[in-house]
Amino acid sequence: MSANTRQYYWEGIQGQHSVKNILSGFLDSDRKPQAIIISGLKGVGKDFLAIRFANLLNKHLHESHFDSGMDSMFGDESSAEMSFQEPFFNSHDKLYIKLICALPTGKNESSDDKPLDKLSAADFKLVKEELEARNQNPYHRIQIPHANDIRINSIRDITRYFSTSMEPGVYRSVIISNAEQMNEAAQNALLKNLEEPPANSLFILTTSDASALKETIRSRCWIIPAEPLKPEEIAHILRHYFDFDPMEAQEIAPFAGGSLDSALHLAEAGIEEIIQKTIVILRMSMGQKFATALTELEAFIKGEDRKNVAYLIRFMLYWLNDFERYRRGEKILYYQEHRDTFEKFFQRFHDINLLTVMDRLEYIESLLQNNNANLNIALTNVILELASITNDVLKK
């Protein structure tokens, strides 16, 4: 396969070069995998890769196809050939991909009901709209209120999907998005499918936490790690798939930690406000003004929003990391527009040790991300850790 062919396989998908190479190798091989796990951060394009690969299985692509119709086959980046209709089943359609995701629980729903049967009209409409949004934008993250887990009835529905007639030789794929959301009963039901998969079938599980899946499931799958996105890749997605202003996309991307989800959250929260609030809280905490720092922190997080606290800690770590770079004479990565804060801080605290505090802040952030910390205690500890940086100097 030529380099141009390989490039057109994955047109529109940013980054993920190692994943693309592995999946391209599967496409070239006579023996196709029957189960794959694509694991990595939220918001790096795992579902996009899964859906594209499932589509390509039935393209029977060869060099000759590309000579005669690359544009018609793939279209432009915005359309990206996202062909799936499930979980809305129509026996007259040739459905090659079944997408399974977490759904709300219907009224009086039992494990024997089909996954959509007991949904309210409003919930059904919302699910349909979210899937259509994903069809239109492969980087759209499906968000359905009260859809917290993937239940056994969604997995049992796979049997019905495979039992419908299809012309010989066609691959049918099941994509389980955010597979870590499968409850135990659902995982056990999936395991039975993986033990004896139908001919010409493919299961692709995408997850941000492969450890949440049973080892018996993982052992039956090729596990492919997805990489964090580079800032320029996130900026490209924001511009081309979400119509961001180029300057705004460029400002947000470095702070996103390799995740499109984080970038979109930062845009919604207001990145400039987060930056300014970070600098204020750092200044108040290191100046030993504890009450003011705590008030500022509580006002920003708006109640019990752990994600906002975690982001704020992450921005503090970015500032501390940039200060380390500043005093080593290296390029500032994040706070380039706020160089004056480093200059003033360096004049007074040029010899301080930041590494221990940075480690502790990362630990607090991880606890908050995993819901393993009391929010009020976490806030107090963040301020005390920051205050400890300057405590010895200010006592002199």
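Helices (H or I, at least four residues) and strands (E, at least two) are DSSP runs, numbered from the N terminus. On that basis, the chain has 17 helices and five strands. This is a predicted model: local features need pLDDT of at least 70, side-chain atom pairs count only at pLDDT 80 or more, and totals for chains, interfaces and linings use all residues. Residues are numbered from 1 along each chain as its sequence is written, and side-chain values use heavy atoms, with hydrogens and water left out.

**Chain totals**

The chain holds 396 residues, and 50% of them are buried. Buried means under 20% relative accessible area, exposed over 50%, and partly exposed in between (1.4 Å probe, protein chains only). The chain exposes about 19,400 Å². Carbon and sulfur atoms supply 48% of that area. Areas come from the Shrake-Rupley method with a 1.4 Å probe; for residues, only the protein chains shown count as cover. A contact means heavy atoms within 4.5 Å. Among contacts between residues at least 6 apart in sequence, 71% join residues at least 24 apart.

**The sheet**

Five strands form an open sheet in the order 2-3-4-1-5, with parallel pairing. Strand 2 (97–100) and strand 5 (222–225) are the edges, each pairing on one side only. Neighbouring strands are turned by 15° against each other on average, direction ignored. Two strands pair if DSSP finds at least two bridges between them. Strand 3 (residues 172–176) and strand 4 pair in the parallel sense over five bridges. In this pair, Ile 176 stands opposite Leu 205.

Helix 3 (residues 46–57) packs on the sheet, touching strand 1 (35–39), strand 2, strand 3 and strand 4. Its direction makes about 170° with that of strand 4. Helix 7 also packs on the sheet, touching strand 1, strand 3 and strand 4, at about 140° to the direction of strand 4. Axes are lines fitted to C-alpha atoms, for helices over the stretch in contact; angles run from 0 to 180 degrees between N-to-C directions.

**Ile 204**

Ile 204 lies in strand 4. It is buried, with a relative accessible area of 1%. Beyond residues up to four places away in sequence, Ile 204 touches Ile 36, Ile 38, Ala 50, Phe 53, Val 174, Ile 175 and Ile 176.

**Positive phi**

Most residues other than glycine have a negative phi. Two non-glycine residues with positive phi are listed below.

| Residue | Phi | Loop between | Relative accessibility |
|---|---|---|---|
| Asn 200 | about 55° | helix 7 (184–195) and strand 4 (201–207) | 29%, partly exposed |
| Asp 243 | about 60° | helix 9 (231–242) and helix 10 (246–252) | 68%, exposed |
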